[in-house]
Amino acid sequence: MRAGSLGTFDSVVMAVAGCGPAYTVAATLPVLVATVGVAGPAVLLYCAIPMVGIALAFRHLGRLDVNAGASYAWVARALHPFLGFLSGWALVVAATAFLVSATLPAGSATLALISPDLAANTGLATAVGAGWFLLMAGVVAQGARISPYARRILAGVQLALLLAFAVAALAKDGNAADFSLSWFGFGHFDASHSFVAGALIAGVSYWGWDVSSNLNEETRTGRRSFGLGGLIGVVVSFAVFVVFTIATNILIGADAVRKNPDGFLSVLGDAVWPGWGGRLLVLAVVLSMVATLETSLLQATRTLFAMGRDRTVPAVFGRIHRDWQTPSVATATVAAVALLFVTVSAAAGSGAQFVRDAVSGIGLHIAFYYALAGLSVVAAYRKVLFRSVGTFLFIGLWPLGGALFMIWIFAMSVPQLTGSALAIGLGALALGLIPMTFSRLQGVSYFRPRPLDPEQADAVDELHGGAAAAGGLAAAERRDGILTDF
């Protein structure tokens, strides 16, 4: 939690790493293809557009309030403290559930580098994944700034491998199908291939870019450069996911993915580069997995820290380690809870099923707090929305469209989910009512929030060097010139 420990470039790297392009390709793409078939590119495209709107909402809310709780703090001040608390709770639960669901695929990907047969051993894969998880928990406990160059190298190698595979895949002749623009349309959706179910999975695929929001107290120039990493993370993830979905349709086909979802990455890699192709692609996944486990832990622990600091959860979660300057209690708690559920699911032999249910359940959490963020930015900036076309589009219309899309996905998805997925989604969210009610009865100041004020934020920017950042323009001119601020 040291102020200024991360730079703008670090924020961009963290946002891209949070999306975990290669890891998401391995863990989520098979679920998406199994759900919507060849229509995966359409789902990814039409979910990316509103997701950019949500990224814009985070960008502009962060300029009004630099807070490690991100949406937890912003929604409370723009809409209502109850909604703000549930927004933060949804993120903590989603990140914890993701850490549990990611353990098995992480172990399987690592073992696949040695032997595909070992990757099929659920117990061994769980143990290896738990080892990675504990390692990253130790890294997070010691600080977000630890090994910055290693993180950049991991992200760079991952993206380089993905780019090489993308070029090779698109240049290779198809075996399963020829490319079709209809994959970007709605003609392939039917009773067995639902756009709504696919959109919920796509939401999980794009999730993670907002980790830079939870690190804004630790980022230099956090207010003026805030949110750039999130926008870049969404765009990079969209490009990677679409290319690999198209390559899957062309080279191996949706049926091959349904028959062997756990080993599809090796199959795809061999189809692109026979021999070592599968292992190199799995290597990219392992590198991505390491970064994604770290960023998910960072999101959960920073949000829990902000909640503890506000005393909406026990104040012990707001403690900072004397030497490491990190929320060590929050980190240890999230790690312990996640590891407990990993052990229980492995002992019950339901690890693979939990992964599938968790992806859908987490999707509800993500849609919930993203929607609230989109509504919050419109409420916070309502007095200045019509001062320019850029302000109306990038702070009003686009984020509002993203919020309405998330609300629609949430409402339409609930009737289609299994009982286990609903328990992870709605059940875990409802548990947040208990600490929220208790803290409200204690009369903590969080439930008496100060409204977000764009004009006050502009005054702060001008006082602390806003003139230099904007080339001497006045605060009102910077608001009206929103198009130049990207």
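How many salt bridges does the count come to? In this predicted model, the count comes to two salt bridges, and both are described below after a word on confidence.

## Confidence in the model

Averaged over the protein chain, the pLDDT is 80, and 84% of the residues score at least 70. The confidence varies along the chain: helix H5, residues 71–78, has the highest mean at 95, whereas helix H22, residues 475–480, has the lowest, at 40.

Over residues 462–486 the pLDDT stays under 50, although the model has 41 contacts beyond four places in sequence for these residues. Where pLDDT is low, the predicted coordinates should not be read in detail.

## Helix H5 and the salt bridge of Arg 77

Helix H5 is largely enclosed by the rest of the structure, because eight of its eight residues are buried. Among them are Tyr 72, Trp 74 and Val 75, as well as Arg 77, which carries a charged side chain into this enclosed helix.

The side chain of Arg 77 meets that of Asp 65 in a salt bridge, with 3.4 Å from N to O. Asp 65 lies in the loop between helix H4 (40–64) and H5, while Arg 77 lies in helix H5 itself, so the pair ties together parts that are twelve residues apart in sequence. Both Asp 65 and Arg 77 are buried.

## The salt bridge of Arg 309

In the other salt bridge, the side chains of Arg 309 and Glu 217 meet at 2.9 Å, N to O. This pair links distant parts of the chain, 92 residues apart, with Arg 309 in helix H15 (residues 277–309) and Glu 217 in the loop between helix H11 (211–214) and helix H12 (228–251).

Arg 309 counts as partly exposed because its relative accessibility is 36%, and Glu 217, at 21% relative accessibility, also counts as partly exposed.

## Two buried threonines

Thr 24 has its place in helix H2, residues 21–27, and it counts as buried because its relative accessibility is 9%. A polar atom of the Thr 24 side chain lies 2.8 Å from the backbone oxygen of Cys 19. With neighbours within four places in sequence left aside, Thr 24 is in contact with Cys 19, Leu 29, Ser 205 and Phe 241.

Thr 248 is placed in helix H12 and, at 0% relative accessibility, counts as buried. When neighbours within four places in sequence are again set aside, the residues in contact with Thr 248 are Leu 29, Gly 253, Val 257, Phe 264 and Leu 268. Leu 29 thus appears among the contacts of Thr 24 and also among those of Thr 248.

## Partly exposed sites and a nonpolar patch

Gly 123 is found in helix H8, residues 122–142, where its relative accessibility of 48% makes it count as partly exposed. Gly 123 and Leu 104 are 19 residues apart in sequence, and their C-alpha atoms are 8.7 Å apart in space.

On the surface, Phe 386, Phe 392, Leu 393 and Leu 397 make a nonpolar patch of about 410 Å². One of these residues, Phe 392, lies in helix H18, residues 389–413, and counts as partly exposed because its relative accessibility is 33%.

Notes: Residues are numbered from 1 along each chain as its sequence is written. Side-chain values use heavy atoms; hydrogens and water are left out. Patches are made of residues with over 30% relative accessible area and no salt bridge: like charges are joined within 9 Å, nonpolar side chains (Val, Leu, Ile, Met, Phe, Trp, Tyr) within 5 Å. Accessible areas come from the Shrake-Rupley method with a 1.4 Å probe; for residues, only the protein chains shown count as cover. A salt bridge is a side-chain nitrogen of Lys or Arg within 4 Å of a carboxyl oxygen of Asp or Glu. Helices (H or I, at least four residues) and strands (E, at least two) are DSSP runs, numbered from the N terminus. Buried means under 20% relative accessible area, exposed over 50%, partly exposed in between (1.4 Å probe, protein chains only). pLDDT is the predictor's confidence in each residue, from 0 to 100. Contact means heavy atoms within 4.5 Å. A polar contact is a pair of N or O atoms within 3.5 Å; within protein, one must be able to donate a hydrogen and the other to accept it, and residues adjacent in sequence count only if both atoms are side-chain atoms.
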